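The following exercises treat helix packing, aromatic pairing and residue environment in a single protein chain. Each task is followed by a worked solution.

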Amino acid sequence: MPRKRRKLSKEMESNIASAKKKIEFVSAMINDIDDEDIQSDYKTAFERVILCFLKLSEEYDKNGILSEVPFWYENYTEFLAKFESEYEL
């Protein structure tokens with residue numbers, strides 16, 4: 001049986017590309033922190049955001065825009081907002 005075509009969304013692709021740039025930017029800022037203990041705390045806190053983004057990207061690449069993709073994008077934005085409110089860069 002042929003595999004079902006995945007449905008794509010230009011808006012979601014744009015959101016994922018922006019999220020990837022944001023992850024790279026924040027990761028670079030965290031890596032620039034001189035104090036190793038503080039840097040470690042920031043990395044640990046930001047890891048949740050990164051894992052959520054990776055799941056979002058993987059789901060979109062694998063299945064296209066399904067019900068799970070908006071769920072992961074919403075979680076990513078919530079985790080990022082929480083990280084930014086609790087940690088100053």
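**Exercise 1.** Within what distance do the axes of helix 1 and helix 2 come, and at roughly what angle do they cross? Classify the arrangement and describe the contact.

*Solution.* The model is a predicted one.

Step 1. The axes of helix 1 and helix 2 come within 10 Å, and the crossing angle is roughly 160°.

Step 2. Angles over 145 degrees count as roughly antiparallel. Helix 1 and helix 2 are therefore roughly antiparallel to each other.

Step 3. The handedness of the crossing of helix 1 and helix 2 is left-handed.

Step 4. On the side of helix 1, the contact involves Met12, Glu13, Ile16, Ala19, Lys20, Ile23, Val26, Ser27, Ile30 and Asn31. These meet Gln39, Tyr42, Lys43, Phe46, Val49, Ile50, Phe53, Leu56, Ser57 and Tyr60 in helix 2. By class, the residues of this contact of helix 1 with helix 2 comprise 13 nonpolar, four polar and three charged.

**Exercise 2.** Determine how helix 2 is placed against helix 3, and state the composition of their contact.

*Solution.* Step 1. Helix 2 spans residues 36-63 and helix 3 spans residues 68-86; their axes come within 9 Å and cross at roughly 165°.

Step 2. With the limit for roughly antiparallel at over 145 degrees, helix 2 is roughly antiparallel to helix 3.

Step 3. The crossing in which helix 2 passes helix 3 is left-handed.

Step 4. Helix 2 contributes to the contact through residues including Tyr42, Phe46, Cys52, Phe53 and Tyr60, while helix 3 contributes residues including Trp72, Tyr73, Tyr76, Phe79 and Phe83. The residues in the contact of helix 2 with helix 3 are 15 nonpolar, one polar and four charged.

**Exercise 3.** Is helix 1 roughly parallel or roughly antiparallel to helix 3? Support the classification with the geometry.

*Solution.* Step 1. Helix 1 covers residues 10-31, and its axis comes within 12 Å of the axis of helix 3, with a crossing at roughly 30°.

Step 2. Angles under 35 degrees count as roughly parallel. Helix 1 is therefore roughly parallel to helix 3.

Step 3. The crossing of helix 1 and helix 3 is left-handed.

Step 4. Met12, Asn15, Ala19, Lys22, Ile23, Val26 and Ile30 are the helix 1 residues of this contact, and Val69, Pro70, Tyr73, Tyr76, Leu80, Phe83 and Glu84 are those of helix 3. The contact of helix 1 with helix 3 has eleven nonpolar residues, one polar and two charged.

**Exercise 4.** How many aromatic pairs does a search of the whole structure find? Analyse two of these pairs.

*Solution.* Step 1. The search finds seven aromatic pairs.

Step 2. Tyr42 and Tyr87 have ring centres 4.9 Å apart and an angle of 70° between the planes, and the pair is edge-to-face. Tyr42 belongs to helix 2 and Tyr87 to the segment after helix 3, so that the pair links distant parts of the chain, 45 residues apart. Tyr42 is buried, with 13% relative accessibility, whereas Tyr87 is partly exposed at 25%.

Step 3. For Phe71 and Trp72, the ring centres lie 5.3 Å apart and the planes stand at 75°; the pair is therefore edge-to-face. Phe71 is partly exposed with a relative accessible area of 46%, and Trp72 is partly exposed at 22% relative accessibility.

Step 4. One aromatic cluster is formed by Tyr42, Phe46, Phe83 and Tyr87.

**Exercise 5.** Is Ile23 buried or exposed? Characterise its surroundings, and then examine Glu24 and Lys62.

*Solution.* Step 1. Ile23 lies in helix 1. Buried means under 20% relative accessible area; Ile23, at 9% relative accessibility, therefore counts as buried.

Step 2. Apart from neighbours within four places in sequence, Ile23 is in contact with Phe46, Val49, Ile50, Phe53 and Tyr76. Ile23 and Phe46 are 23 residues apart along the chain, and their C-alpha atoms are separated by 9.0 Å.

Step 3. Glu24 also lies in helix 1 and is partly exposed, with a relative accessible area of 48%. The C-alpha atoms of Glu24 and Leu80 are separated by 13 Å, with their positions 56 residues apart along the chain.

Step 4. Lys62 lies in helix 2 and is partly exposed, with a relative accessible area of 47%. Lys62 and Arg6 are 56 residues apart in sequence and 7.8 Å apart in space, C-alpha to C-alpha.

Technical notes
Residues are numbered from 1 along each chain as its sequence is written. This is a predicted model: local features need pLDDT of at least 70, side-chain atom pairs count only at pLDDT 80 or more; totals for chains, interfaces and linings use all residues. Side-chain values use heavy atoms; hydrogens and water are left out. Axes are lines fitted to C-alpha atoms, for helices over the stretch in contact, and angles run from 0 to 180 degrees between N-to-C directions. Helices (H or I, at least four residues) and strands (E, at least two) are DSSP runs, numbered from the N terminus. Angles under 35 degrees count as roughly parallel, over 145 as roughly antiparallel, 65 to 115 as roughly perpendicular and the rest as oblique. A crossing is left-handed if the near helix is turned anticlockwise from the far one by less than a right angle, and right-handed if clockwise. Contact means heavy atoms within 4.5 Å. Ala, Val, Leu, Ile, Met, Phe, Trp, Tyr, Cys and Pro count as nonpolar, Asp, Glu, Lys and Arg as charged, and the others, Gly among them, as polar. Rings of Phe, Tyr and Trp (its six-membered ring) pair if their centres lie within 6.5 Å; planes under 30 degrees apart count as stacked, over 60 as edge-to-face and the rest as tilted. Buried means under 20% relative accessible area, exposed over 50%, partly exposed in between (1.4 Å probe, protein chains only).
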